[in-house]
Amino acid sequence: MKTNEIRIFCPATIANVSCGFDVLGLALDSVGDEMVVRKTNEKGIKITKLTGQDLPTETLQNVAGVAGLALLAESDHVGGFEIEIYKKIKAGSGIGSSAASSTGAVWAMNQLLGSPFSNLELVKFAMEGERLASGVAHADNVAPALYGGFTLVRSYQPLDIVKIPTPPELYATVIHPQIEVRTSDSRRILKTSISLEDGIKQWGNVGGLIAGLFTNDYDLIGRSLVDHIIEPIRSILIPGFDKVKEDAIGAGALGCGISGSGPSIFALSKGKENALKVGEAMRNVYEKIGVDYDVHVSKINTQGIKILEG
């Protein structure tokens, strides 16, 4: 690896994971962005290349630029950085496009500086990119991208992140219907208060999901992948959602829900064979509706960001 340049893969992520709005997330292995980050003598951050998506390259309008500036402000590095972004995650897809750029930038910069910052500090920097993208500095995408696997944001004030074990046979299937649902829009329609009854159901499911992940109890994971609060509202924005969910579970998925703010829909399955069958069931729904889509079948990425050779 060159001392002044690094090339990385930054994974797509599934946030919320049904019952864990803004606190649970997981990293995918089969889809993600690639980035090249290099040290420069010139101060500040420059986005020198951006391919794959029509996104701004102005530093203050790009999530990688904003996250990078947050790190630089806390660093004793006298120079700056150049960033090349090769987007493979579509913006507005619901699988952490902005988080991949934000986390990739700060993780690579930290590597080039000799790792002065902890993962927890990097999450704080990357959250500034999320603030730019959605208006809210949430961590449920950036945390799994940085830590790998499943992560729980136990607290935001102060920030406290827990990495959760991943059962070895757990696979994710994600279908992305080719419509855009902006995170800021999908947040705007949410209620700001919930009933105690719904809260109790949701807390039980979050606890059940965490317990299932720790004990490799796939049935418990499935029973816990239920969202009583966010999904009933956001699913209205996603055509065919109820049918996709019904058919995914019918095909063997443990559970199914909205990935992040949508429109992507995720399912978790035990084993690759089940995950592939679930993908076929999801495909069939959108074939009948006539909506274009992408499908990703992936093991859970327990490493997070990876260095690429060359």
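A cavity here is a set of grid points where a 1.4 Å probe fits but cannot get out. Keep that in mind for the first exercise, and remember throughout that you're working with a predicted model.

**Exercise 1. The enclosed space**

Work out how many cavities of 30 Å³ or more the structure holds, what volume the largest cavity has, and which residues line it.

*Solution.*
- Step 1: search the whole structure with that size limit, and one cavity turns up.
- Step 2: take its volume; the largest cavity holds about 70 Å³ of space.
- Step 3: list the lining. Asn16, Ser18 and Phe21 belong to it, along with Asp227, Ile230, Glu231, Arg234, Ile258 and Gly260.
- Step 4: sort that lining by residue type. You get three nonpolar, three polar and three charged residues.

**Exercise 2. The second largest pocket**

Find the volume of the second largest pocket, then say which helices supply at least two residues of its lining.

*Solution.*
- Step 1: the volume of this pocket comes out at about 340 Å³.
- Step 2: look towards the centre. The lining has 17 residues, and the closest to the centre are Ser193, Ile194, Gln202, Ile229 and Ile230.
- Step 3: map the lining onto helices. Helix 6 (196–215) and helix 8 (231–234) each give at least two residues. Helix 6 makes the largest contribution, with four residues.
- Step 4: sort by type again, which gives 10 nonpolar, five polar and two charged residues for this pocket.
- Step 5: cross-check with Exercise 1. Ile230 is in the lining of the largest cavity, and Ile230 is also among the residues closest to the centre of this pocket.

**Exercise 3. Thr40 and Asp22**

Decide whether Thr40 and Asp22 are buried or exposed, and place each one in the fold.

*Solution.*
- Step 1: locate Thr40, which sits in strand 2 (residues 24–40).
- Step 2: Thr40 has a relative accessible area of 17%, so it counts as buried; the cut-off is under 20%.
- Step 3: check what the Thr40 side chain reaches. The backbone oxygen of Glu42 is at 3.1 Å, and the backbone nitrogen of Phe81 is at 3.5 Å.
- Step 4: add the contacts of Thr40 beyond four places in sequence: His77, Gly79, Gly80, Phe81 and Glu82.
- Step 5: now Asp22, in the loop between strand 1 (5–15) and strand 2. Its relative accessibility is 14%, so Asp22 is buried as well.
- Step 6: Asp22 and Asp140 are 118 residues apart in sequence, yet their C-alpha atoms are 5.4 Å apart.

**Exercise 4. A loop residue, Ile179**

Classify Ile179 by accessibility and name its contacts outside the local sequence.

*Solution.*
- Step 1: Ile179 is in the loop between strand 7 (170–177) and helix 5 (183–188).
- Step 2: Ile179 is partly exposed because its relative accessibility is 29%.
- Step 3: set aside neighbours within four places, and Ile179 touches Gly92, Leu237, Pro239 and Pro263.
- Step 4: for the Pro239 partner, the C-alpha atoms are 9.2 Å apart, with the two positions 60 residues apart along the chain.

**Exercise 5. Two annotated spans**

Which residues does UniProt give for the two GHMP kinase domains, and how much helix and strand does each span have?

*Solution.*
- Step 1: the unreviewed UniProt entry puts "domain: GHMP kinase N-terminal" at residues 71–149. That span is 53% helix and 9% strand, with its end C-alpha atoms 24 Å apart.
- Step 2: the entry lists "domain: GHMP kinase C-terminal" at residues 210–287. Here the figures are 55% helix and 13% strand, and the end C-alpha atoms lie 35 Å apart.

Definitions and conventions: Residues numbered from 1 in each chain as written. Predicted model: local features only at pLDDT ≥ 70, side-chain atom pairs only at ≥ 80, totals over all residues. Heavy atoms only, no water. UniProt positions renumbered as here; feature names shortened; annotations may be inferred. 1 Å grid on protein atoms, 1.4 Å probe; cavity = no way out; pocket = protein on both sides within 12 Å on 5 of 7 lines; lining within 4 Å. Points joined across faces, edges and corners; volume = space filled by probe spheres on them. Nonpolar A, V, L, I, M, F, W, Y, C, P; charged D, E, K, R; others polar. Buried < 20%, exposed > 50% of the residue type's maximum accessible area, 1.4 Å probe, protein only. Polar contact = N/O pair within 3.5 Å; in protein donor to acceptor, adjacent residues only side chain to side chain. Contact = heavy atoms within 4.5 Å.
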